[in-house]
Structure formats: structure tokens, C-alpha cells
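The following note is offered to a colleague who is meeting this structure for the first time. It proceeds by numbered points, from the contact between the chains to smaller features.

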Protein chains: 2
Amino acid sequence: MNQPGQSVTGDPGLQEIDTIAEQLRLNRNDYEPYGRYKAKLVHGLAERLNDRSQAKYIGVTAINPTPLGEGKTVTAIGLAMALSQLGHTTIGTLREPSLAPVFGIKGGGAGGGKCTLEPQADINLHFTGDMHAVTAATNLLASIIDNHLKRKKSPQINPATITWKRVLDLCDRGLAHVITGLDQVPQAPLRETGFELSAASEVMAILALATDLADLRQRLGRIVVGMTYEKQPVTVEMLGCVGAMAALLVDALRPNLVQSCEQTPFLVHTGPFGNIAHGNSSIVADKIAVRLADYVVTESGFGADCGAEKFFDIKCRSSGLKPDAEVLVCTARALKLQSGLFEVHPGKPLPAALLEENLDAIRAGAVNLKAHLDIICQYGLPTVVAINAFPDDSQKELAEIQQIALEQGASAAVVTDAFARGGQGSIALAEAVVKAAGKPNQFQYLYPLEMSIADKIKTIATKIYGAAAVEYDPKAQRQIQEYEQLGYGRLPVCVAKTQYSLSHDPKLLGRPQGFTFPVRDLKLSAGAGFLYALCGEIRTMPGLPSEPAALRIDIDEQGKITGLQ
Amino acid sequence: MNQPGQSVTGDPGLQEIDTIAEQLRLNRNDYEPYGRYKAKLVHGLAERLNDRSQAKYIGVTAINPTPLGEGKTVTAIGLAMALSQLGHTTIGTLREPSLAPVFGIKGGGAGGGKCTLEPQADINLHFTGDMHAVTAATNLLASIIDNHLKRKKSPQINPATITWKRVLDLCDRGLAHVITGLDQVPQAPLRETGFELSAASEVMAILALATDLADLRQRLGRIVVGMTYEKQPVTVEMLGCVGAMAALLVDALRPNLVQSCEQTPFLVHTGPFGNIAHGNSSIVADKIAVRLADYVVTESGFGADCGAEKFFDIKCRSSGLKPDAEVLVCTARALKLQSGLFEVHPGKPLPAALLEENLDAIRAGAVNLKAHLDIICQYGLPTVVAINAFPDDSQKELAEIQQIALEQGASAAVVTDAFARGGQGSIALAEAVVKAAGKPNQFQYLYPLEMSIADKIKTIATKIYGAAAVEYDPKAQRQIQEYEQLGYGRLPVCVAKTQYSLSHDPKLLGRPQGFTFPVRDLKLSAGAGFLYALCGEIRTMPGLPSEPAALRIDIDEQGKITGLQ
């Protein structure tokens, strides 16, 4: 791997990472190279750079995702490259891909077309080992828990209450539900448990939300793995392995510096799930990035109802950073799909009708766009709508979307084609973002932490999702009570729901209204620092598809990896 | 991590890895830095350096290990440093530590005293990610197998015959025996299986034995994961995921360049188990090292009956490299323990009698030393006995060991105290090694590959272990027949037995004779390229001890890791 330009699909000339670092006015002690084209920044860098001026902080989100793909990552990369082209020092901060989709169904997660992160193969595979460190720390704790049980150490954990699962960074459905400790040699507690993806682990969420090493260690110590027989929380601090877990994560907390195919610097760091966790890249990276650049472009997972809501209410609240503008990505075909007039199936050709000009379908589906504009508006931020154009899109449709977006209060609505043209395809978007971010805004969180858990959930469900009411399963009601009694009531709430609809039901497209939002269960990520409400089926250990992407991947004689896209 | 000199216990001045590489006449394209003090060498380097003269190739082995520790790694590091002090360009090639002992019972695996590999904390934890890559490749295959079963793909695997297990790089006894695929969502084959340590995986053995990328890919393809209903082997090539596994291992096949605390270069690469696998560091590293240095010092796992036998008959046969001399490490107290007159228990103080001068005990225990000298002699190599001295060792005892060793045909027998004095403590050893390696030798393998499986096992058991006969469980007999019929009869045999005795019984100390060597089962590592005979209980997924080392490990405010030793 790592040959210069190996996987570069845009401009083939990569800069050595020393050059990228130098351009950011970093000195040699601020980072360590990992190969010629990757580096890890050192601890304490945000503090060292504290006297530098602070960048404009730009979020990138989208309408509810469709199976077509809206190109959010490509748009974020293209925007950062366009801002660079305009002469602004810009850093993009993105999540790290997981191995699971690389070998499963989705393929790589480092952009596409002329908007890629490089070196792509490295970033998509082991990168600098952060994901593996999360896996190791999570599994170390699992082993310590079983050892604690076996040896009846104090405090005694009620095995029936253990919520901590092991993880792997691979799709492996057979591991979702397992029985461990069979056989008497070596003797271990016989337990029904399971594996989740590493990206779904609380350790990953902690790594993304920790502000520094001391905070990381404290958060790890606060993790609750289960309850005593007296129904008191058992924390990692009590089990005595906080230090060992922190030791495994010391390097993983350091952001990874790479570049795009146009040599724009990116910090690619941490990759928490967007449903049971908050789905945003790391706070550490953003805090450094805002001291190194004029503009920082960061992407949240899924649509504004999921990733952006959590970006504002969980990530920004933790970091103290306030965004200056939000970019909302959509496509003409995705909006037409939101009309509910078409059906698409993954792996099958798109219906011909979807590709024909249809302004009525655009108008019908644009209710989804409007809903997402309304969401961002509640946070007091200006929104720039980025209409990600495909080569054969109807110009009339694009113009119609622009007009609707402007009518609905977008600061600007701009067509981009960064996939085909790189940063050059996003110049208008970049100019609109500069303008929007230049004005003062009234950024505010959706809810205060002092609100009760039920009120927080109700606020999110009604104001963000458009629900008429919230209903709770008895289990969820009990949990709300229990967590408030235990003192966890002041945490923000991370709602784990489908990304495909504003509601809990993936089939409800457009802008569903009048629905009752059902909360099935409530869980605690005490270390990450949020409660998460389960609303619908969330799969944390999926299986491989019938024809896994793994079967298409290979190496050539020089070790160059093929078939990753 | 990675601050210069952070964990250096000897000389505090580390060289940057660029300087180390330069001293080996490597150019900038021959390696990539991973941090300031580690580097990965590039593919194809051995071929590029083909015109350089070839180093003397020195193996380091030991008598049968005792719970006291004989200091084999420290002696190997000290020898390499002493050879450097004598003005010879020297590279040590060692195995990579695994996380499992670091958090379990043993602690770190990067030397000790004034003979350490640096940066220690990095090497002991994630290092450059090789172990994690082995874990990922092994588990990817496990998931592909279950997916293949679930979807009834061709060739159909008989689930009862599947031998492929998942792995983790952590002691976790609960995972040794598990049932996977519980519950119907997501549906997966319900199977009884288990996890092993990553170091025990066939992928690790393959990585250590592969000579280059093409060979790696071929070996991965030859792995047999189970049988069809027609009792034909199902290989990874048939499952279609060879390329994806190879892609995960591309970087892991590249040796890791680090340095000792005296700045002697070391290649620390791969870490296969010493019982069910061959217990030696990688062929790729050794093939490069012999082109970069005057002397290459490499260590095998356990005693000459285990690690060295496999070094000669498996590793050297695969690599084509021939050793020039072997160093045999022993200590006075270990030889006294081999007399059978004392009992020691891990974690308890040593019996006072063991620490008193006792020449009779030395003479009684020295039969073990003699047996190991005889073993190496059969391979036609000169042996230098390294007597690793402790500060309060009796000089008479050390002299007695020297005399016995010389009487038994050692080329030299030298006292070393590298632990306390670094390379300076091993100058005499280095001089003896230079002398021994300077003479022509008649190196030969113990057995030809054409021998039948049973004859190979008999040859190893009688000539190396001193057994009078071999007996087979019916299962082992059936397997011998089956493997010979399937065409695997020409592979070398790796015997998985206890390391604590020359025999199969850990309680038989000294030089047991007249025993019958029992073979319980025979298994196939078709990718690694050996059969392994199971003789006694071999645990591939141990548990954590009552007080795991993990509970002593922590980080300080700068992220420096404490408690690793």
C-alpha cells in the first residue's frame, strides 16, 4: 500500500504528509508520520494552538437518506476542496470507515469520484489502527467482567444485568447472539451474550466525545457494565481496568491527518454509529482543526433528524464549539423518491420513471427537504442547500429545488457536481457557505439538560421528527424511572431510530405527521455521556450479503489492493 | 507514546528510525516510518538487496524452560548488542509480543533489564497493527464460512467438519467454547465453535512462513477450513475470499524495524505459537536481515526440542537459509530445577535451598543441557552455551556448567550478564559466536519430507525427545491415513507438546528416557504448510489470572503508559 497516487482517482499527485503538516504551520513535534501519507497528531495540540484564531465551523448534513445515496461525504470533501481553491485554509473532519461495510455490502468509505480521501486503501482498511484499539479495549473489559464474575470479586455483579458486549469490526451474523463459557475447561461463566460491531461500541462513542486524555480516562471509568444484586451500577472504575483500557486507546485518541485527492488536509478520526451513538467524528480532531484553519467542514451521519441533531445537542454541547452554518445535501432523484411515487430496490436497476423529468414528484418529495430546513432553523443556524447534481439530471428539476429551498428559508441553494469535477464543481457552494457563515447567528441547543428524560424525548420527537405524541413500552418507562433515580437524568438523549424516515417507520417517506413515536427501551451509555432510546429495530451486528464485497477484493503482485470500490 | 526514551531502561538515547535505516544502508524508499521510532520495510526488499553479501545466521534457543525464566530473549538482545559493540553490523530478528500475556499473567515481551526493544510500550501494545490484521483476516474467513453455509453455496461444507475458529488477541476463557448463531434474527448457522488467541491462528503461522506476497496469497488459498459431504477438503481458494484476506495482510507481511536500548537494529515481526505452530519470527524479516548485516541473531520459542527443531525443520526448510551456529541459553538455577530436587510455584518465593550452592544438583540437572546439546549436534551445527548469570549465582556452579558443556561437545560455554550490563555483559558470548560461526558446518534437516507421517513423528520423538516408542490414539491413526490419502503426507510435522519437558509430560524433568510418546490427534495447517500432532493438552484460549496484569496498567497525564512490566 501507500505508493504515491496508488488509489487516486482525481489529481494523482499526493503530497507527503510532512508537506501537508507544514502547510498547516505544524512543527515536527506536533505529529508523527504513519507511512509517508498519514500522520497522527500529538496529545495536547489544541491547547498548544490556543492563541490562534478560530475557524468558521461548518456542518454537513442531508435529507433522509435513500438507497440511491445522496453523496453527503463527497459533498463535504468537495466543499473543503472548493474552500481551499478559494484561498481559505480548510480542514475537513470526517469519520473513519469501518471494515464491516468494506467487506460486506457497501464498499469503501473514503469518498468517490473526484472527491476522495487518500491513501484510500489504507483509510478503508486498518488505517492507523484506531478501530482495532477500540475492539481490543472493549473486549478486554468483557474478559475482565467474566473473570470478575468467575472469581466472585467485589462488587458482585448480577450476571443477568450485564449489558457489556464484545465487538468485532466485521459483519458476522453468527456472533450477534452467542453462548459463552461452554465446557468446563477452561471454566468460565456460562452466559448468553453477543457481539456488536466495533463502531457500535460505547468505547467508540467515548473516543469520539472525549476532549482529552484525562477526559477519556474519566469517561471509561464511568461506563456501567451491569448492576449489583442491590441494583447499584457497577462501573469500570470499580473493576479496576480503566487504566488498561486507556492504555489501549492512548494513540487512538490522536486524530489522523490525511489529504484529499486535491491535497486538502483532512482529519479522519473515530467512527461511532449514527443511531445508538451520535454518529459524528471526534471532538479532539475538531478542536485542533478550528485552530489550524480558516474553515472546518465536518459531516454528521444520516439526515438532519439524526446526525445533525446529535451534532448540535450532544457533540457541540460536549466540545463547546458552535457551528457557523449548516450545509444540507439533497439530490433530485432522492427528493423524487421521497414523494413516495417510486420504488427502488438495492442491486436492481432504477425505475425508468424515476429518471424522467417530473416536477410534481420533486414538489411532493420536497416536503422532506423543508422538514430538514425547519430542523436546522430551530438551532438558529443559516442553512445552505447543496443540490448534488448527476450528469443527466433535469435542469428544470434542479431549478425547482433551488426555488423551494429559498422559499423555505435556506440562505442559499446551490447546485454542485463535485463527484465529476472535484473542488471546481463546488465553488458556488463554497462561496455561499462563506457568505452564510460570515453572518452572526443565534445557535442554541434544542433542549436544556435539566429537562426530564421524557421531556427531552418528547421535544426531539415532536420538534425534530414531527410526531404528535410519544408512547413508551413499559420497559422504557421503568428505565426512565431507574436512570433518573440513579442520577443519570441530566444526560442528553440519543435517539436510535431508522435513518430512512423522519419518523420511526422506514416506510413513511416525505414529511410524516400526526404519528405517535414509540419508545421501546432506554439504555445508558454513562461513559459516552448519553442515554439512548431504542425506537424500532437497530441491528448492531449485521450479516454478510449473499455476494459479499470481500469476494471482489484482491491484491496484485506489488500488494496494490483492487476491488475496494 | 513514542516520546524518545520514554520506556528506555538502559541507555536513554534512542535514534530516530531514519538514522537506524540509514546505518543499514537502506534508502528512503525501502521503508516507511510509523511514528519516529518504528518503520515498516517495503515489499520486495530481499530481492533488491540480493547482491549484498550474506550475514552469518545465528539461532538462539534454550534448555527446557522453567517457571524461573532463562532469559532467552534478553540473551538474544544482549548478543546482538555485543556483536554490534565488536564492530559487526548486526540485526536481531524476534517475534512480536501478543496483547494476551501483556494483560494476563506475563507482562510485556520486549526484553528486560538493560536488554530491551524500544519503544517498549508500542511494541507491547498495538505496535504496527500486525496482530490486529491477523485477527481481522482470520475472523473474516470465519464469517465467510458461515455465510457460505447459510446460503448453501458450492462446494457445500459439512458443518461438522469445520475446523476454522475465530480469534482474539486477548485471554478470554469464556470464548474458548461458544455456540454461535442463536436466535433467528439475524439468522445464522447454529454451531458449536470457539475462539483461539490470534497468535495461535494458522494465519499467523502463514504470515511467519510466507516468503513474499505471492507466496502469502497461495498459502492463504490452500487453507483447509473443513470437508465436503464427500470428504474432500474445502479450501479458502474455493470460498473466494483469498484476495480479501491477503488485502488485510499486505502491510502485516512487511517486517517492523525498531532498535534496542543500545540502538542495535531489530526486525520484530510475526509471533506464531510455539506448540501448535512453529514458534519462530518471520522468514521475510530474516531474508532481508541477512542482506543488511554481518550477523543476524534470531530466537526460537521454548527449548531446542520445540523452537529450534521447528526452526531447522520447518522455518529454515521453507526459507532456504542455513544457520551458522546455535546459542543454547541456560541458567544455574534452571539446571538445578531440572534435577528434580526442588519445587517452585509461580508467585511464591523461591525455596532457599535452590539458591544455595549445590554442585550435585547442577550435575544432576545438566542432563537436560546435554540433551539439548545432542539435539543441536544432530543438525550438524556448532553450539555456544550461554550461561545467563544472576547477581548472586555461585561461581563454582557456573564453572561446573561450563565444564560439562564443553565435555558434551559445545564449541564454547560462556557466562553472560546482559540483563545487568547490556551488550557489554555479552562480549565474551559474542566472541565465541563469531568463532563458532566462522567454521564450516554440516547443517542438515532431521528428516526428509518424503518420509511417511508416522516415520517423521517417530524420528522427532526418538531422536529429539528421547522417546523409546510412539503410540497413537485411533483418531490420530485415522488422521494420518486420511492426510496421506489427500496428498498432505509430504508436509513437515510440527509437534504440539509441553515445553516444560523433553517428553510429553511436564513433570518429567531432566532427560527422561524409555517413555512412550503418545499422539492424541493430528491436524492440518495446509496453508502454513505443516501437519501438527497434538500430544497432551494445548490451550489456545487461556483465561485471565486472578489478578490480571491489566489491573496494574495505567496512563499518566501525558499518555505515558505505566505498569507494563
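How much area do chain B and chain A bury between them, and what share of it lies on carbon and sulfur atoms?

1. The model is predicted, and the remarks below should be read accordingly. In answer to the opening question, about 6700 Å² is buried between chain B and chain A, and carbon and sulfur atoms account for 60% of it. The size of an interface is often expressed in this way, as the accessible area lost when the parts come together. To this contact chain B contributes 78 residues and chain A contributes 78 residues.

2. Polar and charged pairs are also found where the chains meet. Between chain B and chain A there are eight salt bridges. An example of a salt bridge is the pair Asp554(B) and Arg217(A), whose closest N and O atoms are 2.9 Å apart. In addition, 37 residue pairs are in polar contact across the interface of chain B and chain A, counting pairs with both residues at pLDDT 80 or more.

3. The arrangement of the chains deserves a separate comment. A turn of 180°, with a shift of 0.0 Å along the axis, lays chain B on chain A with an RMSD of 0.0 Å. The two copies are therefore related as by a two-fold rotation axis. Within chain B, the C-alpha nearest the axis belongs to Tyr34(B) and lies 2.1 Å from it. Of the interface residues of chain B, 100% are also interface residues in chain A, so the copies meet through the same surface.

4. Within chain A, the assignment gives domain 1 (17-128 + 252-437), domain 2 (130-251) and domain 3 (453-535). The C-alpha centres of domain 2 of chain A and domain 3 of chain A are 25 Å apart. Their contact involves twelve residues from domain 2 of chain A and ten residues from domain 3 of chain A.

5. The area buried between domain 2 of chain A and domain 3 of chain A is about 760 Å², with 59% of it from carbon and sulfur atoms. On the domain 2 side, the residues losing the most area to domain 3 of chain A are Glu202(A), Val224(A) and Met227(A), which together supply 43% of what that side buries. Zero salt bridges are counted between domain 2 of chain A and domain 3 of chain A. The interface of these two domains does have four residue pairs in polar contact, both residues being at pLDDT 80 or more.

6. A last point concerns the cysteines. Over all chains, the search finds zero disulfides. Cys241(A) is in no disulfide, and the nearest cysteine sulfur, that of Cys171(B), is 14 Å away. Cys241(A) counts as buried because its relative accessibility is 0%. Cys261(A) is likewise in no disulfide, the nearest cysteine sulfur being that of Cys115(A), 6.2 Å away. Cys261(A) is buried, with a relative accessible area of 0%.

How values were computed
Residues are numbered from 1 along each chain as its sequence is written. Chains are lettered from A and ligands numbered from 1 in the order in which they are written. This is a predicted model: local features need pLDDT of at least 70, side-chain atom pairs count only at pLDDT 80 or more; totals for chains, interfaces and linings use all residues. Side-chain values use heavy atoms; hydrogens and water are left out. A disulfide is a pair of cysteine sulfur atoms within 2.5 Å. Buried means under 20% relative accessible area, exposed over 50%, partly exposed in between (1.4 Å probe, protein chains only). Copies are superposed by least squares on the C-alpha atoms of residues with pLDDT of at least 70 in both. Contact means heavy atoms within 4.5 Å. Domain bounds come from an automatic or database domain assignment. Buried area is the accessible area (1.4 Å probe) that two parts lose on being put together, summed over both. A salt bridge is a side-chain nitrogen of Lys or Arg within 4 Å of a carboxyl oxygen of Asp or Glu. A polar contact is a pair of N or O atoms within 3.5 Å; within protein, one must be able to donate a hydrogen and the other to accept it, and residues adjacent in sequence count only if both atoms are side-chain atoms.
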